[in-house]
Amino acid sequence: GMIHEETDSIQKCFDVYLDNQITVSDELRLYMMDEEQSQHYGLYSEEEQKEFLFHVFKQVATGGALNQYEDTAKPYLEVTKGIFKDFISVKRSNNQLRATTTVFAIDPHQDVIKGIFPNPGTPS
């Protein structure tokens, strides 16, 4: 798989240059950033990929162009767990755990966001 079970090492791959000028050198980030190029295509269903936990992990593991990446998954998992626990509230009701937090995805391409982050050339 993408992560070696015994050593927790993330499987390396030949460098892949993505359109956003980010170079990907491991299977985990390749899957997260361009699933179709990954040999692990289809590993997670569309429903699983919509989960908040998946999005948090993806942001932590992929970072950005200047991110310093880890060779093992443990640091990513620990940070993801901490962020998830900070964001999600859970209550027990009738011996069942129930998330009480509502999570929203904000699409920066929606018209609603334009007023918050105007283009540099437009007057404020």
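Let's start with the aromatic rings of this predicted model. Rings of Phe, Tyr and Trp (its six-membered ring) pair if their centres lie within 6.5 Å; planes under 30 degrees apart count as stacked, over 60 as edge-to-face, and the rest as tilted. By this rule there are four aromatic pairs, and two of them appear in the table.

| Pair | Distance between ring centres | Angle between planes | Class |
|---|---|---|---|
| Tyrosine 31 and tyrosine 44 | 5.9 Å | 55 degrees | tilted |
| Phenylalanine 52 and phenylalanine 84 | 5.9 Å | 35 degrees | tilted |

What does each pair tie together? Tyrosine 31 belongs to helix H1 and tyrosine 44 to the loop between H1 and H2, so their pair links parts 13 residues apart in sequence. Phenylalanine 52 sits in helix H3 and phenylalanine 84 in helix H4, so this pair links parts 32 residues apart in sequence. Tyr31 and Tyr44 also join Phe54 in one aromatic cluster.

How covered are these rings? Here, buried means under 20% relative accessible area, exposed means over 50%, and partly exposed is in between (1.4 Å probe, protein chains only). Tyrosine 31 is buried at 3%, while tyrosine 44 is partly exposed at 34%. Phenylalanine 52, at 22%, is partly exposed, and so is phenylalanine 84, at 27%.

Now for the wider layout. Helices (H or I, at least four residues) and strands (E, at least two) are DSSP runs, numbered from the N terminus. The protein chain has five helices and four strands, in the order β-β-α-α-α-α-β-β-α along the sequence. Of its 124 residues, 23% count as buried. Accessible areas come from the Shrake-Rupley method with a 1.4 Å probe, and for residues only the protein chains shown count as cover. The chain exposes about 9900 Å², with carbon and sulfur atoms supplying 51% of that area.

Helix H3 (residues 52-62) holds several buried residues: Phe54, Val56, Phe57, Val60, Ala61 and Thr62. They pack against H1, helix H2 (46-49) and helix H4 (74-87), where a contact means heavy atoms within 4.5 Å. Just after H3, glycine 63 takes a positive phi of about 55 degrees.

Back in helix H1 (residues 27-33) we find glutamate 27. Which side chain of opposite charge is nearest to this buried residue? That is arginine 29, 11 Å away, and glutamate 27 has no salt bridge. A salt bridge needs a side-chain nitrogen of Lys or Arg within 4 Å of a carboxyl oxygen of Asp or Glu. For charges, Lys and Arg count as positive and Asp and Glu as negative, while His and the chain ends are not counted. Leaving aside residues up to four places away in sequence, glutamate 27 touches residues including Met2, Gln11, Cys13 and His40.

Arginine 29 has its charged end over the ring of tyrosine 69, 3.4 Å from the ring centre. This label requires NZ of Lys or CZ of Arg within 6 Å of the ring centre and within 35 degrees of the ring normal.

Finally, a look at the backbone. Most residues other than glycine have a negative phi. Aspartate 8, however, has a positive phi of about 70 degrees; aspartate 8 lies in the segment before strand E1 (12-17) and is partly exposed at 22%. Asparagine 95 also has a positive phi, near 60 degrees. It is found in the loop between strand E3 (90-93) and strand E4 (96-99) and is exposed at 70%.

Residues are numbered from 1 along each chain as its sequence is written, and side-chain values use heavy atoms, leaving out hydrogens and water. Since the model is predicted, local features need pLDDT of at least 70 and side-chain atom pairs count only at pLDDT 80 or more, whereas totals for chains, interfaces and linings use all residues.
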